[in-house]
Amino acid sequence: MRDYLLENRSPFLDVAAADKGASIRLAPVTGGFVFHVLGDAKSDEAALKKALAKIAQELGADVRKSAPNQWFWVGDADVSSDQRAEIQSALSSQFALCDQTHGRVRMVLSGASSRTVLAKGTMVDLSADLFAIGQSAMTQIGHIGAMITRVEDDSFELIVLRSFAGSLWDELQHMATEFNKPASMS
């Protein structure tokens with residue numbers, strides 16, 4: 001239990017100016033929560049989603065499988081430690097919540113060529129017919145471990161450990177360079 005309040009600061013410097021007019025957009029997700037849910041050997045995603053819908057319907061049930069019997073539960077609302085404790089106490093003992101909100105960073109890569117940009121760094125086949133909207137995969141992007149989730153047709157959300165966020169951001173900017181050149185340079 002924390003003895004002090006954590007301030008959720010972005011690990012990125014001024015990023016708004018970097019994407020002005022770009023065809024590939026990279027943006028941090030500000031606010032919200034990331035909970036790591038650990039299940040016992042008999043737990044399953046359907047039971048987790050059902051429990052979350054009953055306990056905390058207002059937070060949604062965006063649950064992304066990260067490993068066998070482990071998920072990231074993410075949402076855009078801010079959740080206090082008291083609210084998280086209430087949710088944990090209402091959950092079955094087969095699930096444990098671990099707040100990762102301050103340890104993991106969410107960012108969204110979007111644009112018509114976002115799939116091509118990500119393909120430069122990951123082995124996951126992100127083609128539209130194989131990687132459906134809402135589907136997630138734990139993978140490496142370059143040398144950095146990240147979770148990729150397809151959130152819209154040409155939009156992917158990435159979750160990465162905070163200490164690697166700046167490196168992944170720079171790497172994605174570099175991989176997107178060919179799509180973001182001014183018209184006079186292409």
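Is phenylalanine 33 buried or exposed, and what is its relative accessibility? Select phenylalanine 33 to begin: at 1% relative accessibility it counts as buried, a word that here means under 20% relative accessible area, with exposed being over 50% and partly exposed in between (1.4 Å probe, protein chains only).

Before moving on, keep in mind that this is a predicted model, in which local features need pLDDT of at least 70 and side-chain atom pairs count only at pLDDT 80 or more, while totals for chains, interfaces and linings use all residues. Residues are numbered from 1 along each chain as its sequence is written, and side-chain values use heavy atoms, with hydrogens and water left out.

Next, add tryptophan 73, which counts as buried at 0% relative accessibility. Its ring and that of phenylalanine 33 form an edge-to-face aromatic pair, 5.1 Å centre to centre with 80° between the planes; rings of Phe, Tyr and Trp (its six-membered ring) pair if their centres lie within 6.5 Å, and planes under 30 degrees apart count as stacked, over 60 as edge-to-face and the rest as tilted. Now include Phe35, since ring pairs link Phe33, Phe35 and Trp73 into a cluster.

Then go to leucine 168, which, leaving aside its neighbours within four places in sequence, is in contact (heavy atoms within 4.5 Å) with Met107, Ile141, Ile144, Ala146, Leu158 and Val160.

Finally, select Met107, Leu118, Ile141, Ile148, Leu158, Leu168 and Leu172, which touch the most other members of the largest nonpolar core, a group of 24 residues. Such a core is a set of buried Ala, Val, Leu, Ile, Met, Phe, Trp, Tyr and Cys residues joined through side-chain atoms within 4.5 Å.
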